[in-house]
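User: Could you take a close look at how the helices in one part of this model pack against each other, and explain each term as you go? I am in my first year, so please go slowly.

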Amino acid sequence: NAILSVFLSSGINAEYGGVSIILIPYPLNMIPIPVLYGLFIFLAITSLGEFQMWERLVLIFTEQSLYPPYHYVRRVPQKIIHCFTMIQILQLVALCLISFGGSAYLKMFFPFVIILLMPIREKILPKIISERHLDALDGEH
């Protein structure tokens, strides 16, 4: 009985999965594209508060005496926080230019740029910012 129930439940799950994949285009065509864009924008904006790079970007426009008590604010000088943030923004802009660029040939380099970010973090950034400060900026909250 147990083997039969496992067999039946996995078979039913597979059928539901197949049917849902077949039906995906039809319900999605009934949802207006601006509604989907609005949903994605809402999800992006609501998640910004948990994004450390966004927190550091806001610090650029905040007076130093009004900085919130994040752990990296106490351990890292203001100039280094802003330098690290600008480097990350430059990397983000490069990724956006490649991924949203018009050329299909340019988009093929996206995985290589992602892979290139690792040596930048491991080899180049420690020459600009001390390892102690990088650990405070990169670490978990």
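Analyst: Let us begin with one pair of helices. Helix H4 (residues 52-60) and helix H6 (residues 78-100) pack at an angle of about 120°, and their axes lie 10 Å apart; here helices (H or I, at least four residues) and strands (E, at least two) are DSSP runs numbered from the N terminus, while axes are lines fitted to C-alpha atoms, for helices over the stretch in contact, with angles that run from 0 to 180 degrees between N-to-C directions. This is a predicted model, in which local features need pLDDT of at least 70 and side-chain atom pairs count only at pLDDT 80 or more, whereas totals for chains, interfaces and linings use all residues. Residues are numbered from 1 along each chain as its sequence is written, and side-chain values use heavy atoms, with hydrogens and water left out.

Because angles under 35 degrees count as roughly parallel, over 145 as roughly antiparallel, 65 to 115 as roughly perpendicular and the rest as oblique, H4 and H6 are oblique to each other. H4 passes H6 in a left-handed crossing, a term used if the near helix is turned anticlockwise from the far one by less than a right angle, with right-handed used if it is turned clockwise. On the H4 side, the contact (heavy atoms within 4.5 Å) is made by Met 53, Arg 56, Leu 57, Leu 59 and Ile 60, and on the H6 side the residues include Ile 81, Phe 84, Met 86 and Leu 92. Sorted by class, this contact of H4 with H6 has nine nonpolar, three polar and one charged residues, where Ala, Val, Leu, Ile, Met, Phe, Trp, Tyr, Cys and Pro count as nonpolar, Asp, Glu, Lys and Arg as charged, and the others, Gly among them, as polar.

H6 also packs with helix H9 (residues 131-138), at an angle of about 65° and with the axes 11 Å apart, and H6 and H9 are therefore roughly perpendicular to each other. In this case H6 passes H9 in a right-handed crossing. Ile 80, Ile 81 and Phe 84 of H6 make the contact with His 133, Leu 134, Leu 137 and Asp 138 of H9, and by class the residues are five nonpolar, one polar and one charged. Ile 81 and Phe 84 of H6 thus appear in the contact with H4 and again in the contact with H9.

H9 leads us on to helix H8 (residues 110-128). H8 and H9 pack at an angle of about 125°, with their axes 9 Å apart, and they are therefore oblique to each other, with H8 passing H9 in a right-handed crossing. Arg 121, Leu 125 and Pro 126 in H8 meet Glu 131, Leu 134, Asp 135 and Asp 138 in H9, and these residues divide into three nonpolar, no polar and four charged.

Two other residues of H8 can be described by their accessibility, for which buried means under 20% relative accessible area, exposed over 50% and partly exposed in between (1.4 Å probe, protein chains only). Glu 122, in H8, is exposed at 54%, whereas Ile 124, also found in H8, is partly exposed at 46%. Glu 122 lies 28 Å from Tyr 67, C-alpha to C-alpha, and the two are 55 residues apart in sequence.
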